[in-house]
Amino acid sequence: MSAFGLIFSNIHDNSIPELTRRRTMASVPFGCRYRLIDFALSNMVNAGISKVGVIVHNNYQSLLDHLGNGKDWDLARRSGGIKILPPFITAYDSQAASQLYTSKLQALMGVMSFIEHSEEEYVVLSDCDCICNIDISDVIKKHEESEADITFVTKKEYLSDFKASSRTFFESDEKGRIRQIYSKPKHISGEFDVSLNIMVMKTKLLYLLLTDAMARDLKSFDTDIVAKRLGEMEFYIYEFDGFYAAIGSMEEYFECNMRLLEKDVRRALFDIPERSVYTKIKNSPPTLYSSDACVKNSLIADGCEIEGTVENCIIFRGAKINRNSVVRNCIIMQGTYIGKNVHLNCVISDKNVLIKDDRELSGHPSIPFYINKGVTI
Amino acid sequence: MFRKKECIAMLLAGGQGSRLYALTEKTAKPAVSFGGKYRIIDFTLSNCVNSGIDTVGVLTQYQPLVLNEYIGNGQPWDLDRTYGGVKILPPYQGKKKADWYSGTANAIYQNMNFIDRYNPEFVLILSGDHIYQMRYDTMLAFHKVMNADCTIAVINVPIKEASRFGIMSADENGRIYKFSEKPKKPDSTLASMGIYIFSKDKLAKYLEEDEKNPNSSKDFGKDVIPAMLAGGERMFAYPFSGYWKDVGTIESYWEANMDLMKENSLLKFEGKERRVFSRTNAEPPQYIGKDAQIKDSIITEGCEINGTVENSVLSEGVIVEEGATVRDSVIMNGVTIKKNAKVEYTIIDSGVVIGSGASIGADKENAKGITVIGSGIAIDDGKVIADGEMVNDAYYEEKLKGDMTV
């Protein structure tokens, strides 16, 4: 099997506008030391994929900084490796620069030449809004066996009508063949095969679909291609049975981080043999706990200094929490400095926030209190 | 590919470090883990990188497997270079004879061809078994200003410890007029740190002569330095005043680990120029459980703590289960300490499993000494290992398994 990967870094930026103001969805920090793209990238690398195109459109400096040359994912290769695919804008096409694409299909059209010149038989496409640790090589194997045209990775899940309105999901028959696709529908709830936004197809097929879509000026992959061709083409689901979480809102972002405090979730994401999750290496020293530290049920990265009380928290690299401070149910991102006698509850502090002595801040799990990057409070 | 370098480093990493007993049974001393996520050699390598020295020859001899794997292509230290970078230099078989490195000077002598490829003016000689942070570029600047032939980094030591070191006497300009290796009656407290900068031509000349001398022990401290001093060369002492610790014994290794937790620790890892680089695995963040109690400790990625950890250093991936206690100890990577086990004043090497309810060592105040558990050993549930014991594979076969069958 030969396959290459394509990752969409900007597609879901609008889901969490606070966090993506200055970054892509792909580079949203997650789980103490990761960025969302780490899961999509690691899944591909662990399946033996050694060429991954990362489609970027805007706000992508933080992503470039995170990825570097791909070393940390073993993707610094002479042939293949990580390829950053920014928009192709010619000097004569003034319109293209001002038009931000919003759909996967438009993103793919922008990287036609990369797809055309890829000799790998299969292409694996993945968004960055799903956290999971999945064996992609098995997806490709099942894809070959079922002789499907496109295989969508899904998980059976009950969706409330609120959640359903932000997801893509399917109805399929007992063999897994897709009979109906729903793309962000309103007023539907029930148990469906919910898409993890990972799909596999032949490179040639993707290229054909794209040329056709370009000629007809199609806009959406789901509604203009998949939904229209349900009868003539074979679309199959691949049912994933591990842990996955989709991040479609600030509330879900908070919840999904907090779920890492559950043992089973950590096992399902980080403890699978031969399938580590890789991320940028920062060479921070280990974390130092002082004699006043009191830490319970928390996930903590390296490079922190903890002197206060920390409960039910996700603490990123290089955070410092001083004496007599109490931090509960918080997501504290990289380089946050929390002074003395500070009380925080349900707060998400973005990178390099400075919280001075004696401050008290509180949010609620449904609406966590978000502090913008670099702010001093 | 070779490009001229002003200064290259030669790092002596072949020593056995036999006083670390079980810790160096399967690895060379520079590859012994330290301070949670480091190996001893990381400090010297990072010093090189932070000083702008990008060509480092690492001379290996004793148990090189782990060390070679660890250094690899030098990528974690940014030493995977097209021109220069880190190169492992094992002893080799020449046309006339094959030689192990018979001493520090001989090891460098056998690799003069490596040095010559870069045509350096200066050669920095280092050993990979000290914990310190130092800017070699400042030392090199000193060497150049003094127009020295050899500069030796020195540190002030207490007079009662001076007889353990190579002791230097220097005039007010720092020029060395006397050197004595481990003197019984030291007349100075300036101890050699085993860090030398030589002007390359002088180094070549004296190594050549030393090699021909049948009475020489082929050692820098014992032979080359005294010979240069006798030859009237310009030799200077470069004073260093930061943290510097030889981790050659179990006690000093333990102390150096504990020093990291001191509030005024002189080792600082913050800031671009003080970063210490290391090769790390893709470990998840550390999880601290609901019933965990952690005080005065250093804990690394991949750990899962559900018991009590006090005044201890834990490396990557250590698991401390419910009810287990770890106190005054250094725990290396991948160790599991099962339920209700007790570990006190102990150094545990990588991959060890301590069975539930087992008791290792005794509390620091009353213990006979530090207990050491060698790598990969599994201590059965409920076993008691007395304080001060050194447990390696052989010991385990003989004593502990023996007990089992009785």
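These exercises work through a predicted model of two chains, A and B.

**Exercise 1. Describe the interface between chain B and chain A: its residues, its area and its polar links.**

Step 1. Start with contacts. On the chain B side, 38 residues touch 36 residues of chain A.

Step 2. Take the area. About 2,800 Å² is buried between the chains, and carbon and sulfur atoms give 45% of that. In chain B, P285(B), Q286(B) and Y287(B) lose the most area to chain A, together 20% of what that side buries.

Step 3. Add the polar links. The rule finds 21 residue pairs in polar contact across the interface, both residues at pLDDT 80 or more. Strands β14 (286–288), β15 (293–295) and β16 (297–299) of chain B each supply at least two residues of the side that touches chain A. That side has 15 nonpolar, 10 polar and 13 charged residues.

Step 4. Count the salt bridges. There are 5 between chain B and chain A. One of them joins E301(B) to R33(A), with the closest N and O atoms 2.9 Å apart.

**Exercise 2. Find which strand of chain A pairs with β14(B), and in which direction.**

Step 1. The partner is β16 (residues 298–300) of chain A, joined to β14(B) by 3 bridges.

Step 2. The two strands run antiparallel.

Step 3. Place one residue pair. L299(A) stands opposite Y287(B).

**Exercise 3. Decide whether C7(B) is buried or exposed, and list its contacts.**

Step 1. Locate the residue. C7(B) lies in strand β1 (residues 7–12) of chain B.

Step 2. Apply the cut-off. The relative accessible area of C7(B) is 9%, and buried means under 20%. So C7(B) is buried.

Step 3. List contacts, leaving aside neighbours within four places in sequence. C7(B) touches I53(B), P120(B), F122(B), L124(B) and L140(B).

Step 4. Compare sequence with space. C7(B) and D137(B) are 130 residues apart in sequence, yet 9.4 Å apart C-alpha to C-alpha.

**Exercise 4. Work out what the salt bridge between E311(A) and R328(A) ties together, then examine R327(B) and E310(B).**

Step 1. Check the distance. The side chains of E311(A) and R328(A) meet at 3.3 Å, N to O.

Step 2. Assign strands. E311(A) is in β18 (residues 309–311) of chain A and R328(A) in β21 (residues 326–328), so the pair ties together parts 17 residues apart in sequence.

Step 3. Check exposure. E311(A) is partly exposed at 23%. R328(A) is partly exposed at 36%.

Step 4. Turn to chain B. R327(B) and E310(B) form a salt bridge at 3.3 Å, N to O. R327(B) is in β21 (residues 325–327) and E310(B) in β18 (residues 308–310), 17 residues apart.

Definitions and conventions. Residues are numbered from 1 along each chain as its sequence is written. Chains are lettered from A and ligands numbered from 1 in the order in which they are written. This is a predicted model: local features need pLDDT of at least 70, side-chain atom pairs count only at pLDDT 80 or more; totals for chains, interfaces and linings use all residues. Side-chain values use heavy atoms; hydrogens and water are left out. Contact means heavy atoms within 4.5 Å. Buried area is the accessible area (1.4 Å probe) that two parts lose on being put together, summed over both. A salt bridge is a side-chain nitrogen of Lys or Arg within 4 Å of a carboxyl oxygen of Asp or Glu. A polar contact is a pair of N or O atoms within 3.5 Å; within protein, one must be able to donate a hydrogen and the other to accept it, and residues adjacent in sequence count only if both atoms are side-chain atoms. Helices (H or I, at least four residues) and strands (E, at least two) are DSSP runs, numbered from the N terminus. Ala, Val, Leu, Ile, Met, Phe, Trp, Tyr, Cys and Pro count as nonpolar, Asp, Glu, Lys and Arg as charged, and the others, Gly among them, as polar. Two strands pair if DSSP finds at least two bridges between them. Buried means under 20% relative accessible area, exposed over 50%, partly exposed in between (1.4 Å probe, protein chains only).
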